[in-house]
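I opened the model to look up helix packing, charged pairs and a small sheet. My notes follow in the order in which I took them.

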Amino acid sequence: MSVSVLSPTRFLGSISGLLQVASLLVLVLLLLKAAQLYLLRQWLLKAVREFPSPPSHWLFGHKQEFQTDQELQQLKKWVEKFPCACPRWLWGSRVSLMVYDPDYIKMVLGRSDPKIHGWYRFLAPWIGYGLLLLNGQTWFQHRRMLTPAFHYDILKPYVGLMADSVQVMLDKWEELISQDSHLEIFEHISLMTLDTIMKCAFSQQSSIQMDRKSQSQSYIQAIKDVKSLFYSRVRNFFYQNDIIYWLTPDGLRSKRACQIAHQHTDQVIKLRKAHLQDEEDLEEVRRKRKLDFLDILLFARMKNESILTDKDMRAEVDTFMFAGHDTTASGISWTLYALATHPEHQQRCRKEIQSLLGDGASITWDHLDQMPYTTMCIKESLRLYPPIPTVGRELSKPITFPDGRSLPRGIHVSLNFYALHHNPKVWPNPEVFDPSRFAPDSDSHSYAFLPFSGGSRNCIGKNFAMKELKVAVALTLLRFELAADPLQVPIPVPKIVLDSKNGIHLKLRKLL
């Protein structure tokens, strides 16, 4: 009986042969992938050929033109040069048609195209598949279920809660400016709007603004981190693959931030569930009080678990917790900045509010419709600084625009509301702060002003946001005179909502 022993030379030869085969396979796969990307790029070039744009690099796209700090400035230059729409290449095989013409936008928003999966899926680990990310019939069911939470009868009592939260913030400001009149307002306003949404939509009794070590502070920082990481991931070719991304430092940071955000929302749901265990049936609860946002979700879950699972409910809470405070915080912060840089309009608003509210001891729902000039200034601020700068759609079928240009199915379309609001063909002298654009007798295209998107998928909480904006602006102007800090001019950056790279710094003076 003989035993054959593989010699070291033959063993090494076998390993070498396997490595050669593996290398050949990798080379073939790389060539196939390169060919696939080349063919995709050729198809995309053909698809957007009717829409001129500045020359783009075959690999890096328009990355050089859009530096982080100057992205919106560059965008405004393109709007002047290329009418209606312009392709933007993120890299060689990824293009999105930026649209900033009212008729173009009206056509797209009038359809039922889904959100761009390649972008919005990056938000799923954070906010799940709630109203923001859902499409089709499931989105329609959730939208119909949640709409009653934003009925006027529900919103009216919220004005007092909004005012309470704003007054807490203003009291803090009064203490802070006794030491230094310069103040970064965005973080304070974010905490205030989160406090408001916790009281209004989730019926929390205490003020989170008073607790310096509250979980809410960590939540706001986590949201800030997630937005920045999303912004950078969308623009990074190598971060498109989930496996690669979650192994990177940014991916690990994103996981940690999502965990912090989920801890906050899980605690809110847990507390409400415990409270409702002591309540009777739905009709009995309705007789006691109006149902808020979380009530509606929990009772829908109780009635039919197949329609709304625990995962669905958490997604809706995560979505509204974010959208309900962050977009409003952006709108309020930029509005106060706009008024600080235009003192004549600020003073006119203040006089209107003083004549209506006196010392501002109380503000009611009815007051909010009796401040026309302040409302005009708020809308003009939202035109210059829209809280939602852009939304994306993936065409589910071909589209032909009013001027005859067309796009095939599968193309990504970016509805750029910031560019729309700064389009000189839509808004003459777009960089000028002119509240008269929104005078009652003004005539503008119905899709020329879209601070909260438009169409059937507009922001479900836009009325809530506008009411909170009016309350915050009115009470702030009664307490303080605002001036811009010339040494710290804010740099607007589109990170899901319109943020500022360096915060929003104002100089405040307490009014006697």
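Entry 1, a helix pair. I listed the contacts between helix 12 and helix 14: Val268, Ile269, Arg272, Lys273 and Leu276 on the helix 12 side meet Leu294, Asp295, Leu298, Phe299 and Met302 on the helix 14 side. The model is a predicted one, which I keep in mind for every value below. I then fitted the axes. Those of helix 12 and helix 14 (residues 293-303) come within 11 Å and cross at roughly 70°. Angles from 65 to 115 degrees count as roughly perpendicular, so helix 12 is roughly perpendicular to helix 14. I noted the hand of the crossing between helix 12 and helix 14 as right-handed.

Entry 2, charged pairs on helix 12. I stayed on this helix and looked for salt bridges. Arg253 forms one with Asp250, with 3.8 Å between the closest N and O atoms. I checked this against the cut-off, a side-chain nitrogen of Lys or Arg within 4 Å of a carboxyl oxygen of Asp or Glu. Both residues belong to helix 12 (residues 249-276), and being 3 residues apart they are separated by about one helical turn. What is the burial state of each partner, Arg253 and Asp250? Arg253 is partly exposed at 37% relative accessibility, whereas Asp250 is buried at 19%. The limit for buried is under 20%.

Next I looked up Asp266, whose side chain meets that of Arg314 in a salt bridge with an N to O distance of 2.9 Å. This pair links distant parts of the chain, with Arg314 in helix 15 and Asp266 in helix 12, 48 residues apart. I recorded Arg314 as partly exposed at 25% relative accessibility. Asp266 is also partly exposed, with a relative accessible area of 34%. I also noted a network: salt bridges that share partners join Glu71, Arg88 and Arg235.

Entry 3, helix 15. Which residue forms a salt bridge with Lys227? I found Asp326, the closest N and O atoms being 2.6 Å apart. Lys227 sits in helix 10 (residues 215-234) and Asp326 in helix 15 (residues 310-340), so the salt bridge ties together parts that are 99 residues apart in sequence. I checked accessibility for both ends. Lys227 is buried at 3% relative accessibility, and Asp326 is buried with a relative accessible area of 3%. For the model, I counted 23 salt bridges by this rule.

I also looked up Thr319, which is found in helix 15. Thr319 counts as buried, at 7% relative accessibility. Leaving out residues up to four places away in sequence, I found that Thr319 touches Ile127, Gly130, Leu132 and Gly324. I took one of these, Gly130, for a distance check: its C-alpha atom and that of Thr319 are separated by 6.2 Å, although the two residues are 189 residues apart along the chain.

Entry 4, the sheet. In what order do the 3 strands of the open sheet run? I read the order as 3-11-8, with antiparallel pairing. Strand 3 (182-184) and strand 8 (480-484) stand at the edges with a single partner strand each, so one side of each is left without a neighbour in the sheet. I computed the twist from one strand to the next, and it averages 40°.

I then went through the pairings. Strand 3 and strand 11 (residues 505-510) pair in the antiparallel sense over 3 bridges. Among the partners, Glu184 is bridged to His505 in strand 11, and Leu183 to Leu506 in strand 11. Strand 8 and strand 11 pair in the antiparallel sense over 5 bridges. On this side I looked up Ala484, whose bridge partner in strand 11 is Leu506. I therefore have Leu506 listed as bridge partner of Leu183 and of Ala484, with buried or exposed faces not looked up. Last, I looked up what packs on the sheet: helix 19 (residues 462-479) lies across strand 8 and strand 11 and runs at about 95° to strand 8.

Conventions: Residues numbered from 1 in each chain as written. Predicted model: local features only at pLDDT ≥ 70, side-chain atom pairs only at ≥ 80, totals over all residues. Heavy atoms only, no water. Buried < 20%, exposed > 50% of the residue type's maximum accessible area, 1.4 Å probe, protein only. Pairing = 2+ DSSP bridges. Axes fitted to C-alpha atoms, helices over the stretch in contact; angles between N-to-C directions. Contact = heavy atoms within 4.5 Å. Parallel < 35°, antiparallel > 145°, perpendicular 65-115°, else oblique. Left-handed = near helix turned anticlockwise from the far one by under 90°.
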